Amino acid sequence: MELLEKRIQEDGVVKKGGVLKVDNFLNHQMDIALFNEIGKEFKRLFADRPVNKILTIEASGIGIACITAQYFQVPVVFAKKTQSINLDGEVYSTKIESFTHKRVYDVIVSKKYLGPKDRILIIDDFLANGCAVNGLLDLIECAGASVEGIGIVIEKGQQMGGRLLREKGCRVESLAVIERMDEETGEIFFRH
Ligand code: 5GP
């Protein structure tokens with residue numbers, strides 16, 4: 001997606017440890033006109049899929065998921081990061097290691113909002129090692145729901161998450177795929 005690549009080039013900041021900061025338009029301040037184009041593009045890419053719910057993870061996936069959901073006319077459920085799992089059997093839970101915060105979270109979703117009839121489109125802001133998406137896939141499997149696709153705004157192609165998910169047979173559509181980032185010069189190269 002050309003508009004997105006241009007914005008990443010203009011406003012993305014390459015940090016140590018292979019982290020790309022896009023706080024100016026995606027992760028802190030949110031550019032809703034751009035989100036709108038992103039939502040439209042996900043709808044175009046997954047138009048053939050009978051999606052009836054979008055699943056994301058808090059916090060940064062939520063904004064993108066909500067705008068995308070307007071194009072699909074479906075609800076959004078976000079998996080919650082929690083300190084204490086309530087073990088009353090009302091939730092599905094899994095563990096996800098955060099790439100940016102280097103810690104493991106318990107992540108839950110209520111059984112009320114995810115079930116066998118759901119045909120899920122997963123949406124997230126970044127795909128790196130794939131921990132977040134694999135955690136969401138776990139929750140979907142626990143619920144007996146099915147996965148229609150995975151929509152990612154920025155995939156860091158130098159990390160293995162995208163490749164492993166595609167090898168498993170998942171349909172992953174990333175709107176921008178980064179081939180390489182230079183921490184010294186701040187340059188960002190895309191894969192096409
Ligand atoms: P993964 O779980 O695939 O390793 O990493 C994806 C998650 O970590 C995303 O939900 C995103 O919030 C965060 N993340 C991973 N890499 C980056 C990055 O380079 N920049 C930012 N801003 N977030 C990242």
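Is Cys131 buried, partly exposed or exposed? In this predicted model, Cys131 has a relative accessible area of 31% and is therefore partly exposed. Cys170, by contrast, is buried, with a relative accessible area of 18%. A disulfide is a covalent bond between the sulfur atoms of two cysteines. The structure holds zero disulfides: for Cys131, the nearest cysteine sulfur is that of Cys170, 14 Å away, and Cys170 is likewise in no disulfide, its nearest cysteine sulfur being that of Cys131. Because a disulfide requires the two sulfur atoms to lie within 2.5 Å, a separation of 14 Å leaves Cys131 outside any such pair.

The interior can be followed next. In soluble globular proteins, nonpolar side chains tend to be buried together. Here the largest nonpolar core has 32 residues, and those with the most contacts inside it are Leu4, Ile8, Leu20, Leu26 and Ile154. Among the elements that give two or more residues to this core are the helices H1 (2–11), H2 (23–27), H3 (32–45) and H4 (61–72), together with the strands E7 (119–127), E8 (146–156), E9 (172–181) and E10 (188–190). Leu20 offers a way to look into this region: leaving aside its neighbours within four places in sequence, Leu20 is in contact with Ile8, Gly12, Val13 and Val14, and also with Phe126, Ile154, Ile178, Met181 and Ile188. A second core, separate from the largest one, has 25 residues, including Ile96, Tyr105, Val107 and Leu114.

From the cores the reader can turn to the strands, starting with E3. Strand E3 (residues 53–57) runs parallel to strand E4 (residues 76–82), and four bridges join the two. Within this pairing Ile54 stands opposite Val76 of E4, while the bridge partner of Leu55 in E4 is Val77. Strand E3 is also joined to E7, again in parallel, by three bridges, and in E7 the bridge partner of Leu55 is Ile122. Leu55 thus has a bridge partner in E4 and another in E7. Helix H4 completes a further element of this region, for E3, H4 and E4 make a right-handed β-α-β unit.

How many of the five residues of E3 are buried? Five of five are, and the strand is accordingly described as mostly covered. In a regular strand the side chains alternate between the two faces of the sheet. In E3 both faces are covered, with Lys53, Leu55 and Ile57 buried on one side and Ile54 and Thr56 buried on the other.

Strand E4 has a further partner in strand E6 (residues 104–110), to which three bridges join it, and here the strands run antiparallel. One of the residues paired in this way is Thr82, whose bridge partner in E6 is Asp106.

Asp106 leads on to the charged pairs. Side chains of opposite charge can pair when their charged atoms come close. Asp106 forms a salt bridge with Lys95, the closest N and O atoms being 2.6 Å apart. Because Asp106 lies in strand E6 and Lys95 in strand E5 (residues 91–97), the pair ties together parts that are 11 residues apart in sequence. The two partners differ in their surroundings: Asp106 is buried, with a relative accessible area of 16%, whereas Lys95, at 57% relative accessibility, counts as exposed.

Arg166 and Glu155 form another salt bridge, in which the closest N and O atoms are 2.8 Å apart. Arg166 belongs to helix H6 (residues 161–167) and Glu155 to strand E8, so this pair too ties together parts that are 11 residues apart in sequence. Glu155 is buried, with a relative accessible area of 2%, while Arg166 counts as partly exposed at 35% relative accessibility. Elsewhere, salt bridges that share partners join Asp48, Arg49, Arg119, Glu148, Arg171 and Glu173 into one network.

A pairing within a single helix is also present. Glu10 forms a salt bridge with Lys6, the closest N and O atoms being 3.4 Å apart, and both residues lie in helix H1, four residues apart, about one turn of the helix. Lys6, at 54% relative accessibility, counts as exposed. In total, the count comes to 16 salt bridges.

Technical notes
Residues are numbered from 1 along each chain as its sequence is written. This is a predicted model: local features need pLDDT of at least 70, side-chain atom pairs count only at pLDDT 80 or more; totals for chains, interfaces and linings use all residues. Side-chain values use heavy atoms; hydrogens and water are left out. Buried means under 20% relative accessible area, exposed over 50%, partly exposed in between (1.4 Å probe, protein chains only). A nonpolar core is a set of buried Ala, Val, Leu, Ile, Met, Phe, Trp, Tyr and Cys residues joined through side-chain atoms within 4.5 Å. Contact means heavy atoms within 4.5 Å. Two strands pair if DSSP finds at least two bridges between them. A crossover is right-handed if, with the strands pointing away from the viewer, the path from the first strand over the helix to the second runs clockwise. A salt bridge is a side-chain nitrogen of Lys or Arg within 4 Å of a carboxyl oxygen of Asp or Glu.
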